[in-house]
Amino acid sequence: AEDLSDSFVSGDEDNGRSVISNKHINNEINGNWLSSSSNSIHEARLKAKAKRRLRKNSSKDSGRGDSLSDNGDVVKGTLVAPTSPKSKLLDRKSRLGKGRGLPKKGGAGGKGVWGRSGEVYEKEEVDEKDPNYDEAQENCVYETVVPPLDEGNFEKTVIPIVQEYFEHGDTNEVAELLEGLNLGPMRSEVPSLAVSLALEAKTSHRELTSRLLADLCGPVLSRSDMEKSFDKLLRELPELVLDTPGAPQLVGQFIARAVSDQILSRSYIEGYKGRVDCEYTRAALDRATVLLKMSMGGLRIDNQWGTGGGQRPVTQLIKEVNLLLKEYILSGDCKEAERCLKDLEVPHFHHEIVYEAIVMVLESKGEKTFKMVLQLLKSLSASSVITVDQMRRGYERVYMDIAEINIDVPRAYFILEQFVDKSFSMGIIDVKLRDLCPCR
C-alpha cells in the first residue's frame, strides 16, 4: 500500500507529481483510512492541506470564520466567536451563550466577597468536639470597660468640657460627657475644678458654674462629693489668692449659692466654727454666712452673680448704659468706663452706648459734655472696644431719629453737624459716614 501521509502530500504535490492507480487501495488521510479512486485521493489531499493551513493560522486569525468549499478552496466568512483556548480564557461572556449579563452568583461571588449584600447569616452553633472549645466561656457576657481617670488625665479631660460649657451653657451635655467617663475617686474633684476655672473667668461664667453644680448634684455627683470639693477649695485658698485676690469672697458666694440651691446642707458652715486657722478660709465662711442671713431678709442669692451677656432684657441693658455714661460725666475716667462696658459682656449692643452718648450731647447745654463724649468715643474706638460696625450703627441710629429729637431740642441739627465734623477730624468716623449726616 502506498503511504498518503502529510509528508507525502506536501512533497509530491509541490513538485507537480501524482501517483495514478486504478485499484482501490486503503489510504490514510488525517488519521482516517479510506478506499477511493485516484480522483478522490487527490481531493482528499487538497482538503487535508487546506485544513493544515487553517490550523496553522488559527491563533493569529481566530476571529475569522473561514470554511472549505466542496472543491477544497478556502472561503472567507464573517467574524465568529474566538475558538482558540487562549481566547476562551480571556472571554468574560457566558460560554453557554445564556444569561442577562448579571454578575456571577448574584454579586455574592468573587475574591474577597463574603456573601450577598444585606445577607444575614444564621447563628453559628458551637462545636463541642472542637479542641478549642471551653465550656466555661459558653455563658460569658463581654462589656466595654473604661479605665478610671488618674490625676494626670483628669484635668486634661475635664477642663475642655468645662471651658466648652462656658460657651454653650448646656448642662445636659456636660452631664452626658461626665457619665461617659470613669471618674472613680476623682469624682469629687469636678466641682472644685469648675469653681477654680470660674474664679478667673467672667461674672456670667460664675453664674453658669453655679447652675452646673446644681444640675450635676444628684444625677452625676452626690452631696458628699460636693462637700469634699468645697473642703478642698477652702484648703487651697492661700494658693488661689495668688492668681485671684478676691478668691475668699468669691468662694464664700459659691458656698452661699450652693446652700441656697440645696446642694450643701445648712450645717456645712457651722461645722467649721472653732476649727478655722486660715484667715482666707475664715473670710470665705464669713462672706457665706452674711449672704445667707441677708437672704432671710429678702435677698435673692440665686441672682447674686447677675445675668451676663445677652441673657438680660434690653431695657435693663439700656439703664446700665445710661448709668455708665452718667458716672463717666461725673468722674471723667475713660479707663473705668471702658472696664464697666467690658463687664456688660454685650459686644453686639455697643451701638447703644454710642447712640445714648450722642443724644446726651444733643440734650446738654454746655461744652463739657460735648468734649467728654468725644474723648470717650475716641478712647473706645482706639482700643477697639467698640468696633467700626458698632460705631457706624450708633451714628446711623441718631441720623434716623434726629427729626424726633429736634422736636424737643430745636438746635439738634446744628449741634449734630458740629459733633459729626469734630468726630471726623478726630478719626472716630470716616468721610462716608460724615456725608450721611442729615441737614435741616
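## A walk through a helical chain

H17 and H18 are roughly antiparallel to each other. Let's start from that pair and work outwards, keeping in mind that this is a predicted model. What do the axes of H17 and helix H18 (residues 412-425) do? They come within 10 Å and cross at roughly 160°. Angles over 145 degrees count as roughly antiparallel, so this pair qualifies. As for handedness, H17 passes H18 in a right-handed crossing.

The contacts fill in the rest of the picture. On the H17 side you'll find Tyr-395, Val-398, Tyr-399, Ile-402, Ala-403, Ile-405 and Asn-406. They meet Ala-412, Tyr-413, Leu-416, Phe-419, Val-420 and Ser-423 in H18. If you select these residues in the viewer, you have the meeting of the two helices in front of you.

Stay on H17 for a moment and look at Gln-390, which also sits in that helix. Is Gln-390 buried or exposed? Its relative accessibility is 7%, so it counts as buried. Leaving aside residues up to four places away in sequence, Gln-390 touches Pro-347, His-348, Phe-349, His-350, His-351 and Val-354. Two of these names lead on to the next helix: H15 covers 351-363, and Val-354 of H15 turns up again in the packing with H16.

Now for H15 and H16. Their axes come within 9 Å and cross at roughly 160°. That angle makes H15 roughly antiparallel to H16. The handedness here is left-handed, with H15 passing H16, whereas H17 passes H18 in a right-handed crossing. The residues involved are Val-354, Ala-357, Met-360 and Val-361 from H15, which meet Thr-369, Phe-370, Val-373 and Leu-377 from H16.

Between H16 and helix H17 (388-408) runs a loop, and Ser-384 lies in it. Phi of Ser-384 is near 65°, which is positive in a residue other than glycine. Most residues other than glycine have a negative phi, so this backbone angle deserves a glance. Ser-384 has a relative accessibility of 53% and therefore counts as exposed. Next along the chain, Val-385 has its C-alpha atom 9.7 Å from that of Arg-339, even though the two residues are 46 apart in sequence. Arg-339 belongs to helix H14 and is partly exposed, at a relative accessible area of 43%.

H14 takes us back to H13, since the buried residues of H13 pack against helix H14 (334-344), helix H15 (351-363) and helix H16 (367-382). H13 itself covers residues 314-331, and a quick sanity check works out: 18 residues at 1.5 Å each should span 26 Å, and the end C-alpha atoms are 26 Å apart, which agrees. Which residues of H13 are buried? They are Leu-317, Val-321, Leu-324, Leu-325, Tyr-328 and Ile-329. These cover an arc of only 135° around the axis, so they lie on the same side of H13. Turn to the face away from that buried side and you meet the exposed residues Thr-315, Lys-319, Leu-323, Lys-326, Glu-327, Leu-330 and Ser-331. Note that Leu-323 and Leu-330 are on this exposed face, while Leu-324 and Leu-325 are buried. Just after H13, Gly-332 takes a positive phi of about 75°.

H10, residues 247-260, tells another story. It has 14 residues and reaches 20 Å from its first C-alpha to its last, close to the 20 Å expected at 1.5 Å a residue. Of those 14 residues, 12 are buried, so H10 is largely enclosed by the rest of the structure. The buried set takes in Ala-247, Pro-248, Leu-250, Val-251, Gly-252, Gln-253, Phe-254, Ile-255, Ala-256, Arg-257, Ala-258 and Val-259. Gln-253 and Arg-257 are both in that buried list. Just after H10 comes Gln-262, with a positive phi of about 65° although it is not a glycine. Gln-262 lies in the loop between H10 and helix H11 (267-270), and its relative accessibility of 59% means it counts as exposed.

Finally, zoom out to the whole chain. Its secondary structure comes to 19 helices and 4 strands. Buried residues make up 35% of the 440 residues. Among contacts with a separation of 6 or more, 63% join residues 24 or more positions apart.

How values were computed. Residues are numbered from 1 along each chain as its sequence is written. This is a predicted model: local features need pLDDT of at least 70, side-chain atom pairs count only at pLDDT 80 or more; totals for chains, interfaces and linings use all residues. Side-chain values use heavy atoms; hydrogens and water are left out. The expected span of a helix is 1.5 Å times one less than its number of residues. Buried means under 20% relative accessible area, exposed over 50%, partly exposed in between (1.4 Å probe, protein chains only). The arc is that of the directions from the helix axis to the C-beta atoms. Contact means heavy atoms within 4.5 Å. Axes are lines fitted to C-alpha atoms, for helices over the stretch in contact, and angles run from 0 to 180 degrees between N-to-C directions. Angles under 35 degrees count as roughly parallel, over 145 as roughly antiparallel, 65 to 115 as roughly perpendicular and the rest as oblique. A crossing is left-handed if the near helix is turned anticlockwise from the far one by less than a right angle, and right-handed if clockwise.
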